[in-house]
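Student: Could you walk me through this one while I have it open on the screen? I'd like to start inside and work outwards.

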Amino acid sequence: MIFIKKIPASLTAMIFFCTLFALGTSGYADCRSVTKDKAEATARYIADVIVAGRGIVAANQGLINDPEKGDKGFTPEKVAEQIRAKFKDMTGKDISELPPEIRGTVEQVINAAKMSVQMNQARINQKGKGFKGYIPAVFGRETGQILKGKCNIFIKQTTFKYRNAYNQPDPFEKKVLEKFEQPGYPKGQGFGEFTGNDYRYLRPIYIKKACLKCHGEPKGSIDPAGRKREGYKVGDLRGAISVQFPVK
Ligand code: HEC
């Protein structure tokens with residue numbers, strides 16, 4: 001008899017993509033194509049949804065990692081509700097007030113975020129286990145991967161010091177990350193550009209206190225996720241949310 005103690009990464013990936021397939025195309029009937037004049041605003045709002053969702057997953061780490069509790073009530077609907085509220089805090093706008101073309105795309109991103117939370121319900125609700133590994137970076141990566149399979153919208157979290165090869169910057173992302181690293185660059189300001197048939201946009205993200213547990217000091221020490229800390233300090237540029245889509 002064979003006992004599998006650890007599920008290999010390849011199997012995890014297989015389960016991930018099979019679940020994606022099983023969830024089907026419901027809710028994605030109207031992937032919108034983005035017009036040139038709406039490209040910048042659309043990219044900005046997509047980044048806002050990802051930043052909001054990441055923040056919610058970060059703020060709920062205590063709940064998610066509570067070993068005493070089974071059902072956490074951290075459901076896709078709850079997360080979507082919180083994303084909408086946070087989006088309003090960040091932008092001063094209700095998603096329902098956005099121009100319809102932009103709103104359609106933003107709703108697709110929220111659908112993908114909900115799907116990531118849905119796929120992780122068993123892991124989140126596991127009793128007797130502390131750290132579950134459902135962290136902001138995983139939420140962001142999965143939301144991007146789900147969307148990529150459904151719409152022509154690509155979302156990535158990227159950085160020079162990547163832990164996951166999936167997040168490795170491409171030449172465009174490298175160029176923009178370098179720009180963000182320049183001392184005079186206005187903090188928090190995104191950068192977008194039309195490249196070929198696409199619009200590409202990056203929004204810088206910085207290290208906050210809550211990130212230090214895993215990304216802080218001492219550099220090289222092991223974090224709760226079992227990975228090496230990078231030695232970042234509060235305020236350091238950690239990377240960027242990268243958004244890309246074709247424009248018509
Ligand atoms: C519990 C540990 C933990 C905490 C807390 C944490 N991270 Fe991470 N972070 C990770 C792990 C693990 C990965 C790799 C995830 C993956 O496999 O995609 C990662 C990846 C990332 C990435 C993607 C780039 C890469 O390295 O592959 C970014 C960006 C990121 N983290 C930013 C942050 C920020 C900003 C915060 C604070 C708001 C934060 N993280 C808090 C553990 C953590």
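**Inside the model**

Tutor: Setting aside neighbours within four places in sequence, Val49 is in contact with Ile83, Phe87, Val106, Val109, Ile110 and Ala113. Please keep in mind that this is a predicted model.

Student: OK, and which residues touch the most other members of the largest nonpolar core?

Tutor: Those are Ile46 and Val49, in a core that counts 45 residues. At least two residues each are supplied by helix H2 (39-59), helix H4 (76-91), helix H5 (100-119), H7, H8, E3 and E4, and H2 gives the most, with 10 residues.

Student: Why would they gather like that?

Tutor: As a general tendency, nonpolar side chains in soluble globular proteins are buried together.

Student: Switching to the sheet, in what order do the strands come?

Tutor: The order is E1-E4-E3-E2, in an open sheet of 4 strands with antiparallel pairing. Strand E1 (154-158) and strand E2 (191-195) are the edge strands, each pairing on one side only, and the twist from one strand to the next averages 20°.

Student: Does a helix sit on it, and if so, which strands does that helix touch?

Tutor: Helix H8 (residues 171-181) packs on the sheet and touches E1, E2, E3 and E4, with its direction making about 140° with that of E4.

Student: How many bridges hold E3 to E4?

Tutor: Strand E3 (residues 198-206) pairs with E4 over 9 bridges in the antiparallel sense; among the pairs, Leu202 has Ser242 of E4 as its bridge partner, and Arg200 stands opposite Gln244 in E4.

Student: And on the other side of E3, what joins it to E2?

Tutor: E2 and E3 run antiparallel and are joined by 5 bridges, with Phe191 standing opposite Leu202 in E3. The two strands form a hairpin with 2 residues between them, and Gly196 in the turn has a positive phi of about 60°.

Student: So is E3 largely enclosed or open?

Tutor: Since 7 of its 9 residues are buried, E3 is largely enclosed by the rest of the structure.

Student: Last topic, the ligand: what surrounds it?

Tutor: The ligand is surrounded by 26 residues, the closest being Ala137, Arg163, Asn164, Cys211 and Cys214. Helix H7 (136-150), helix H9 (212-215) and strand E4 (237-246) are the elements that give two or more residues to this shell, and the largest share, 4 residues, comes from H7.

Student: How do the shell residues divide by type?

Tutor: They divide into 13 nonpolar, 6 polar and 7 charged residues.

Key: Residues are numbered from 1 along each chain as its sequence is written. This is a predicted model: local features need pLDDT of at least 70, side-chain atom pairs count only at pLDDT 80 or more; totals for chains, interfaces and linings use all residues. A residue is near a molecule or strand if its C-beta atom, placed from the backbone, lies within 6 Å of it. Ala, Val, Leu, Ile, Met, Phe, Trp, Tyr, Cys and Pro count as nonpolar, Asp, Glu, Lys and Arg as charged, and the others, Gly among them, as polar. Two strands pair if DSSP finds at least two bridges between them. Axes are lines fitted to C-alpha atoms, for helices over the stretch in contact, and angles run from 0 to 180 degrees between N-to-C directions. Two residues are in contact if their C-beta atoms, placed from the backbone, lie within 7 Å. A nonpolar core is a set of buried Ala, Val, Leu, Ile, Met, Phe, Trp, Tyr and Cys residues joined through C-beta atoms within 7 Å. A residue is buried if 20 or more other C-beta atoms lie within 10 Å of its own, exposed if 12 or fewer, and partly exposed in between; C-beta atoms are placed from the backbone.
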